[in-house]
Amino acid sequence: MEKIKEIYGKIPAASIVVPMVIAALINSLIPGLLNIGATSGAIATEDGLNTLVAITLLCVGGQLTVDRLRLALGRGFTLFLAKWLTSLVLGYIFFRLFGSAGIFGISALAFVAAISNHNNTIFIAMTRDYGDEYDLASAAITAIISVPIFTFISLSMLGIADISPESIIDLILPLAIGIGLGNLDKSISDFLSKAQAYTMPFLGFAIGAGIDLMEIFEGGPGGLILAFMTIASSFLISLPADRLINKRPGWAAISTYTTAGNALVVPSLVATIDPTWESFAGLAQAQLGTAVILTSIFIPIVARLWNQRFGN
Amino acid sequence: MNFFKKIPAGNMMVPLLVSALIYTIFGQGPAIGDFTEALFTAKSVRTLMGLNLMAAGSQIDFSNIREVIKRAGVISLARILTGLAIVLGVGAIFGNDGVFGLSVLALACGLLNHNNSVFISLNINYGDRIDRALAGFGSLITGPMIAMVTLGMSGLADIPFLAMVDSIMPVFLGILIGHFIRGAREVFATSQKMIIPFLGFAMGASIDLRNIYRADLSGLILAIIVILVIGSVTVFFDRKINKRPGHAGWAISTTGANAVAVPAMVAAIDPVWEAYVPLATAQVAASVVITIIVTPMITDFWAKRFTKEVEDGKD
């Protein structure tokens with residue numbers, strides 16, 4: 001992981017964003033090039049994406065060891081619950097006020113997908129800069145919100161999408177097996193955490209291969225607003241919870257409000273499970289793409305500014 | 001995880017055997033939805049292999065591409081030509097019925113392709129940077145094509161060029177990424193190692209260990225031909241021409257998992273082979289399982305015994 005960080009240097013979330021942009025560029029310039037047959041399709045289409053998301057789920061589970069849980073019990077869970085509560089409360093309000101189609105062209109699906117998960121790599125990077133060992137251990141718990149499980153559960157709880165219990169079990173099972181493996185032996189847990197970091201570029205690539213950059217431009221203004229809404233959401237519940245319950249400065253809470261690259265798989269997945277969302281999926285994905293890039297740039301900046309101003 | 005290191009190619013073999021045992025006893029894992037299917041079935045082999053090939057491609061650059069092509073070329077040619085010589089020789093001497101209970105159909109399907117996933121995993125474990133890239137070209141000689149051309153199913157005109165471009169596409173992408181993105185080469189080298197256990201597990205998810213004895217001894221004989229005859233010739237050329245330790249020559253001496261389907265494919269085109277299909281399929285299936293288990297052991301032994309010798313000689 002150190003190596004990845006060192007190589008991509010200053011670009012936030014580069015290990016997923018850079019391959020994503022490259023694949024999206026190829027896909028937009030020469031559509032179909034990445035899917036000329038079974039082998040190339042296997043790394044660039046849905047099949048590839050499913051495999052990589054499944055591996056990511058397993059790896060994330062592998063980091064949830066009992067030791068880390070004990071260490072991070074308070075802080076990590078507060079951050080996690082606050083984040084989830086935020087997506088439920090704001091998702092509910094948004095859905096109630098604006099309905100499925102939403103506002104500014106941002107659908108309820110896009111909104112919930114943007115605020116209900118985060119990029120754990122950025123969180124880890126922030127804890128390295130500002131935190132202590134407890135914060136770093138929290139990353140094992142906040143890792144669960146880096147995969148779209150709670151996005152699905154939230155969408156289902158809010159009644160936004162009709163998601164079957166099977167599709168949630170489908171996401172939880174790989175995670176559960178990861179938890180089992182990670183607790184079996186520390187070296188397995190370490191391996192899985194490393195494996196997640198080193199397969200992330202491929203995940204980014206597979207996500208990017210499904211992106212049409214023209215759509216991103218079309219989704220631009222909506223994505224901009226979505227990114228702003230996501231960043232603003234962090235101040236509602238998470239920040240007060242981090243300060244009041246955790247008695248911490250609050251940068252960690254803000255750091256959980258990047259939109260994860262993983263969020264980009266949500267619209268098409270939801271559309272397969274619940275066809276009523278089909279017409280929104282393309283635009284939602286485009287807006288999320290913009291939000292992923294913008295939040296990964298601005299969240300670290302906002303967190304840093306907050307820390308400088310209110311850190312002590 | 002230390003005991004992984006004690007088992008030959010443990011990072012691939014342990015997950016593979018665990019998953020093969022599960023598949024043998026319980027059958028296909030639970031495919032509740034897309035993600036569990038990706039994790040528990042052999043469906044993800046192609047994806048993981050594609051990623052591995054992309055990573056392999058990133059190891060290739062202008063300074064080493066000639067050496068990569070040379071090594072891959074020598075190994076592939078030795079591997080395929082030896083197989084061809086056996087198939088054609090047996091056909092000429094014994095006719096379609098073949099010898100030792102192995103029909104020409106079984107030989108063609110069992111000898112004329114290899115398991116590229118095993119090849120790449122073993123090269124990553126035991127080879128240098130150039131070895132890690134070999135499987136990029138190994139993918140050109142897997143698949144049913146060579147067996148079908150040999151059995152006269154199709155002429156050279158029928159070789160699916162688009163499919164070949166497809167199979168080399170990840171390598172090509174990898175070369176571009178390795179060339180243009182600074183550091184991608186180092187990251188991908190580690191990624192290859194990270195992929196191996198998952199690839200091993202995915203491969204195991206379609207392996208029925210009972211296949212080993214389903215064709216009685218004849219399946220074992222097929223596997224022995226693959227490993228001992230083809231393997232030793234390939235190792236010989238790898239050492240003589242490539243001046244390498246030879247472990248890559250062993251690593252390519254397997255029967256590809258997809259070969260099991262080829263006898264039926266052949267008979268669908270030419271009914272002459274119809275009667276041979278059931279036995280040939282069982283024999284090929286036995287060879288798939290036996291070679292996947294034995295070849296890594298030999299490669300491990302060989303690499304530990306001879307790699308140092310060659311590397312020392314270089315310095």
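Student: In which class of exposure does A:Leu71 fall, and what is its relative accessibility?
Tutor: A:Leu71 counts as partly exposed, a class that lies between buried (under 20% relative accessible area) and exposed (over 50%), worked out with a 1.4 Å probe on the protein chains only. Keep in mind that this is a predicted model, in which local features need pLDDT of at least 70, side-chain atom pairs count only at pLDDT 80 or more, and totals for chains, interfaces and linings use all residues, while side-chain values use heavy atoms, with hydrogens and water left out. Residues are numbered from 1 along each chain as its sequence is written, and chains are lettered from A and ligands numbered from 1 in the order in which they are written. The relative accessibility of A:Leu71 is 38%.

Student: Which residues does A:Leu71 touch, not counting those up to four places away in sequence?
Tutor: A:Leu71 has its place in helix α5 (residues 66-98) of chain A, where helices (H or I, at least four residues) are DSSP runs numbered from the N terminus. Contact means heavy atoms within 4.5 Å. By that rule, and with the sequence neighbours set aside, the residues touched by A:Leu71 are A:Glu133, A:Tyr134 and A:Ala137.

Student: How many residues are in the largest nonpolar core?
Tutor: A nonpolar core is a set of buried Ala, Val, Leu, Ile, Met, Phe, Trp, Tyr and Cys residues joined through side-chain atoms within 4.5 Å. In the largest one, the residues with the most contacts inside it are A:Leu155, B:Leu111 and B:Phe198, and the total is 166 residues.

Student: Which helix gives the most residues to this core?
Tutor: The helix in question belongs to chain A, spans residues 186-208 and contributes 12 residues to the core. Apart from this core lies another of 16 residues, among them A:Leu239 and A:Trp251. The helix that gives the most to the largest core is α11 of chain A.

Student: At what angle do helix α4 and helix α10 of chain B pack?
Tutor: Axes are lines fitted to C-alpha atoms, for helices over the stretch in contact, and angles run from 0 to 180 degrees between N-to-C directions. Helix α4 (residues 45-58) and helix α10 (residues 161-180) of chain B have axes 6 Å apart, and they pack at an angle of about 45 degrees.

Student: What does that angle make α4(B) in relation to α10(B)?
Tutor: Angles under 35 degrees count as roughly parallel, over 145 as roughly antiparallel, 65 to 115 as roughly perpendicular and the rest as oblique. Because the angle is about 45 degrees, α4(B) is, in relation to α10(B), oblique.

Student: Is the crossing of α4(B) and α10(B) left-handed or right-handed?
Tutor: A crossing is left-handed if the near helix is turned anticlockwise from the far one by less than a right angle, and right-handed if clockwise. The residues that meet include B:Gly50 and B:Leu53 in α4(B) and B:Ser167 and B:Pro170 in α10(B). The crossing of these two helices is right-handed.

Student: How many charged residues take part in the contact of α7(B) with α11(B)?
Tutor: Helix α7 (residues 116-126) and helix α11 (residues 184-204) of chain B pack at an angle of about 145 degrees, with their axes 10 Å apart, and their crossing is left-handed. Ala, Val, Leu, Ile, Met, Phe, Trp, Tyr, Cys and Pro count as nonpolar, Asp, Glu, Lys and Arg as charged, and the others, Gly among them, as polar. Among the residues that meet are B:Ser117 and B:Val118 in α7(B) and B:Gln192 and B:Lys193 in α11(B). The contact has six nonpolar and four polar residues, and the number of charged residues is one.

Student: In which loop does B:Phe100 lie?
Tutor: B:Phe100 has a positive phi of about 55 degrees although it is not a glycine. B:Phe100 is exposed, because its relative accessible area is 57%. The loop that holds B:Phe100 is in chain B, between α5 (65-94) and α6 (104-111).

Student: Which residues are in contact with B:Ala303, leaving aside neighbours within four places in sequence?
Tutor: B:Ala303 has its place in helix α16 of chain B and counts as buried, because its relative accessibility is 5%. B:Ala303 and B:Gly246 are 57 residues apart in sequence, yet their C-alpha atoms are 7.6 Å apart in space. The residues in contact with B:Ala303 are B:Tyr126 and B:His247.
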